[in-house]
Amino acid sequence: MEEIKIPLRAKKELDKLLQGNKNFVNGTPTAKNMCLDTLRKFAFHQEPYAVVLSCSDSRVVPEIIFDCGIGELFVVRVAGITAGPNVIESIEYAVKKLHLPLLILLGHDDCGVMKYAKEHYPEKTEDFQSIMSCVYPVLDKNEDITCHNFFAQQHTYWVEDVLMNKSKIIKNAVEKGELYIAKCHFDHSTGLVNLI
Ligand SMILES: [Zn+2]
């Protein structure tokens with residue numbers, strides 16, 4: 001894990017989510033806020049404590065793998081955690097309006113977007129152009145990548161760069177110590193979320 005100091009509020013939430021992931025892996029989930037009563041409690045407001053940028057992949061379900069219930073996570077899901085304009089603005093909303101201290105970038109193994117990009121790079125494909133335009137820069141810098149999982153991790157680092165370069169709201173929040181970006185990788189075979 002990197003040496004950057006994690007702001008206290010973000011560390012508390014990150015520790016909670018990593019413990020939740022251990023609960024999931026151990027088959028001892030504790031999430032209780034999954035009922036209609038919880039939904040009613042939050043009928044007119046929300047109080048999540050982290051924003052998660054996750055892949056749309058059906059196997060990567062943040063609330064389940066972090067052992068969370070309704071109202072805990074502000075989740076942005078998009079194929080390949082690709083950071084296009086709407087995705088960036090969704091995260092900005094979480095930072096600026098909901099004042100969330102923690103952003104988790106949740107890449108994962110066996111990601112279909114990484115496989116597709118690797119198969120077609122550097123071709124400008126007819127389909128998925130905006131998604132590929134978010135992923136190809138990683139291959140521009142690492143053309144010899146053969147492992148999709150390593151590719152996914154490099155892509156997660158790249159997404160952090162994109163967010164910092166394209167979003168003043170995110171950059172300012174990070175520089176002021178109000179937001180911490182945790183880069184994570186989810187492994188399907190173990191269920192573990194690891195910081196990278
Ligand atoms: Zn994926």
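What follows is a dialogue about a predicted model of a protein and the terms used to describe it.

Visitor: What makes the protein as compact as a globular protein of its length?

Guide: The comparison is between two radii. The radius of gyration is 17 Å, and the globule rule gives 16 Å for 196 residues; the two are close, so the protein counts as compact in that sense. Along the principal axes, the C-alpha atoms fill a box of roughly 50 × 40 × 35 Å. Of the 196 residues, 35% count as buried.

Visitor: How many helices and strands does the protein have, and in what pattern?

Guide: There are 8 helices and 5 strands. Along the sequence they follow the pattern α-α-β-α-β-α-β-α-α-α-α-β-β. Among contacts with a separation of 6 or more, 72% join residues 24 or more positions apart.

Visitor: What is the strand order of the sheet, and why are β2 and β5 called edge strands?

Guide: The sheet is open, and its 5 strands have the order β2-β1-β3-β4-β5, with mixed pairing. β2 (73–77) and β5 are edge strands: each pairs on one side only. From one strand to the next, the twist averages 30°.

Visitor: How do you know that the pairing is mixed?

Guide: By going through the pairs. β1 (residues 50–54) runs parallel to β3 over 4 bridges, with Val51 opposite Leu103 of β3. β3 (residues 102–108) and β4 are also paired in the parallel sense, over 7 bridges; there, Leu105 has Lys183 of β4 as its bridge partner. β4 and β5 (residues 193–195), in contrast, pair in the antiparallel sense over 3 bridges, and His185 stands opposite Asn194 of β5. Parallel pairs and an antiparallel pair occur in one sheet, which is described as mixed.

Visitor: What joins β4 to β5?

Guide: The two strands form a hairpin with 6 residues between them, and in the turn Gly191 has a positive phi of about 80°.

Visitor: What makes β4 a mostly covered strand?

Guide: The count of buried residues. A residue is buried if 20 or more other C-beta atoms lie within 10 Å of its own, and in β4 (residues 180–186) 5 of the 7 residues are buried.

Visitor: Which strands does helix α1 touch?

Guide: Helix α1 (residues 8–25) packs on the sheet and touches β1, β3, β4 and β5; its direction makes about 35° with that of β3.

Visitor: Why are α5 and α7 called roughly perpendicular?

Guide: Their axes cross at roughly 105° and come within 9 Å. Angles of 65 to 115 degrees count as roughly perpendicular, and α5 and α7 are therefore given that name. The contact is made by Met114, Lys115 and Lys118 of α5 (residues 112–120) with His148, Phe151, Ala152 and His155 of α7 (residues 148–166). These residues divide into 3 nonpolar, 2 polar and 2 charged.

Visitor: How do you know that α6 and α7 are roughly perpendicular to each other?

Guide: By the angle again. α6 (residues 129–141) and α7 pack at about 110°, with axes 10 Å apart. That angle is in the range of 65 to 115 degrees, so α6 and α7 are roughly perpendicular. Val135, Pro137 and Val138 of α6 meet Phe151, Gln154, His155 and Trp158 of α7. Here the division is 5 nonpolar, 2 polar and no charged.

Visitor: Why is Asp67 called buried, and Phe128 partly exposed?

Guide: The threshold for buried is 20 or more other C-beta atoms within 10 Å, and for exposed it is 12 or fewer. Asp67 has 21, so it is buried. Phe128 has 17, so it is partly exposed. Asp67 lies in the loop between α3 (62–65) and β2, and Phe128 in the loop between α5 and α6. Asp67 has a positive phi of about 55° although it is not a glycine; Phe128, likewise not a glycine, has a positive phi of about 55°.

Visitor: What makes Leu39 partly exposed?

Guide: Leu39, in helix α2 (residues 36–41), has 13 C-beta neighbours inside 10 Å and therefore counts as partly exposed. Its C-alpha is 7.8 Å from that of Gly71, 32 residues apart in sequence.

Visitor: How do you know that the bond from Tyr121 to Pro122 is cis?

Guide: The omega of that peptide bond is near 0°. Pro122 is in the loop between α5 and α6.

Note on methods: Residues numbered from 1 in each chain as written. Predicted model: local features only at pLDDT ≥ 70, side-chain atom pairs only at ≥ 80, totals over all residues. Rg over C-alpha atoms; globule rule 2.2 N^0.38 Å. Contact = placed C-beta atoms within 7 Å. Axes fitted to C-alpha atoms, helices over the stretch in contact; angles between N-to-C directions. Parallel < 35°, antiparallel > 145°, perpendicular 65-115°, else oblique. Nonpolar A, V, L, I, M, F, W, Y, C, P; charged D, E, K, R; others polar. Pairing = 2+ DSSP bridges.
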